[in-house]
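Reader: I would like a close look at one part of this model, namely the place where two of its helices pack against each other. Please take me through that contact and then outward to what surrounds it.

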Amino acid sequence: QYYKDLYHTLFESHLGFGISVWGGISNNRLEPLFKTQKKCIRILFGDKEAYLEKFRTCARTRPFGEQRLGVDFYKKEHSKPLFKNQKLLTVHNLYKYTCLLELFKINKLEEPLSLYSSFNRSPRREDYFITSQPSSQFIYQSSYMWNSCRQTSSKISFNTPTNGFKNTLKIALQELQFKHDTLDWCELNFATNKLKF
């Protein structure tokens, strides 16, 4: 538990700072941040004994056949099970979580007025938005995500309590994140059109 608090305090707080502004960048530009996040997760929650065991003996004390370090020595631990065990979101899904939560709060409370008036609600369906030209800006990205994630039978509306929406959104993002392969990440773990709530 201490390591999880440490992660949220010292790493995720910096990673999530202003993410709704800069997080709409392409996945290949997010990749270096994701690699850093995975490194942090391995350091805090990884198998420390297996990692330290590699460095306990010098080459001269190893058996003759094991003096040269092979591929297995440099192999990194899979990070996906670590994210799953700790119930943590990747940088891609942290961006989705922050954008959708901010959109929800702005439209529920109708403030700040300058941002609320920037959203263009559909006259036919109150819980949908008319999106402008595609861009990486917060208004377009959050409106697009909201429209593509909404299920027709969804009970989520702007009358839903904020905590209820937060929990529903986090669970949906975690389900999406841990689908498909149990060890390796794939594009479908971060696909906005696969997220439903």
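**A helix crossing and its surroundings**

Author: Helix 7 and helix 9 are roughly perpendicular to each other, a label for angles of 65 to 115 degrees, where under 35 counts as roughly parallel, over 145 as roughly antiparallel and the rest as oblique. The model is predicted, so local features need pLDDT of at least 70 and side-chain atom pairs count only at pLDDT 80 or more, while totals for chains, interfaces and linings use all residues. Residues are numbered from 1 along each chain as its sequence is written, and side-chain values use heavy atoms, with hydrogens and water left out.

The angle between helix 7 and helix 9 is about 90°, and their axes are 9 Å apart; an axis here is a line fitted to C-alpha atoms, for helices over the stretch in contact, and the angle runs from 0 to 180 degrees between N-to-C directions. Helix 7 covers residues 91-109 and helix 9 covers 138-149, helices being DSSP runs of H or I with at least four residues and strands runs of E with at least two, numbered from the N terminus.

On the helix 7 side, the contact is made by Tyr-95, Lys-96, Cys-99, Leu-100, Glu-102, Leu-103, Phe-104 and Ile-106, which meet Phe-138, Gln-141, Ser-142, Ser-143, Met-145, Trp-146 and Cys-149 of helix 9. The residues of this contact divide into 10 nonpolar, three polar and two charged. Contact means heavy atoms within 4.5 Å, and by class Ala, Val, Leu, Ile, Met, Phe, Trp, Tyr, Cys and Pro are nonpolar, Asp, Glu, Lys and Arg are charged, and the others, Gly among them, are polar.

Two of the helix 7 residues in that contact, Tyr-95 and Lys-96, return in the second largest pocket, where Ile-25, Asn-27, Tyr-95, Lys-96 and Thr-192 lie nearest the centre of a lining of 15 residues. A pocket, on a 1 Å grid over the protein atoms alone, is an open set of points where a 1.4 Å probe fits, with protein on both sides within 12 Å along at least five of seven lines, and lining residues have an atom within 4 Å of a point. The volume of the second largest pocket is about 230 Å³, which is the space filled by probe spheres set on grid points joined across faces, edges and corners. Helix 3, helix 7 and helix 9 each supply at least two residues of its lining, and that lining holds seven nonpolar, seven polar and one charged residue.

Tyr-95 also links helix 7 to the loop between helix 2 (19-22) and helix 3, the place of Gly-23, since, neighbours within four places in sequence set aside, Gly-23 is in contact with Leu-30 and Tyr-95. Gly-23 counts as buried at 3% relative accessibility, where buried means under 20% relative accessible area, exposed over 50% and partly exposed in between, with a 1.4 Å probe and protein chains only. Elsewhere in helix 7 sits Thr-98, which is likewise buried, at 16% relative accessibility, and which touches Ile-19 and Ser-20 once its neighbours within four places in sequence are left aside.

The loops on either side of helix 7 deserve a look as well. In the loop between helix 6 (80-86) and helix 7 lies Lys-87, a residue other than glycine with a positive phi, near 55°, and it is exposed, with a relative accessible area of 54%. In the loop between helix 7 and helix 8 lies Glu-110, whose phi is also positive, at about 55°, although it is not a glycine; Glu-110 is partly exposed, with a relative accessible area of 45%. The loop between helix 7 and helix 8 (113-116) also holds Pro-112, and a cis peptide bond with omega of about -5° joins Glu-111 and Pro-112.

A final neighbour to consider is Leu-176 in helix 10 (residues 162-177), buried at 4% relative accessibility. Not counting residues up to four places away in sequence, Leu-176 touches Asn-93, Leu-188, Asn-189, Ala-191, Lys-194 and Leu-195.
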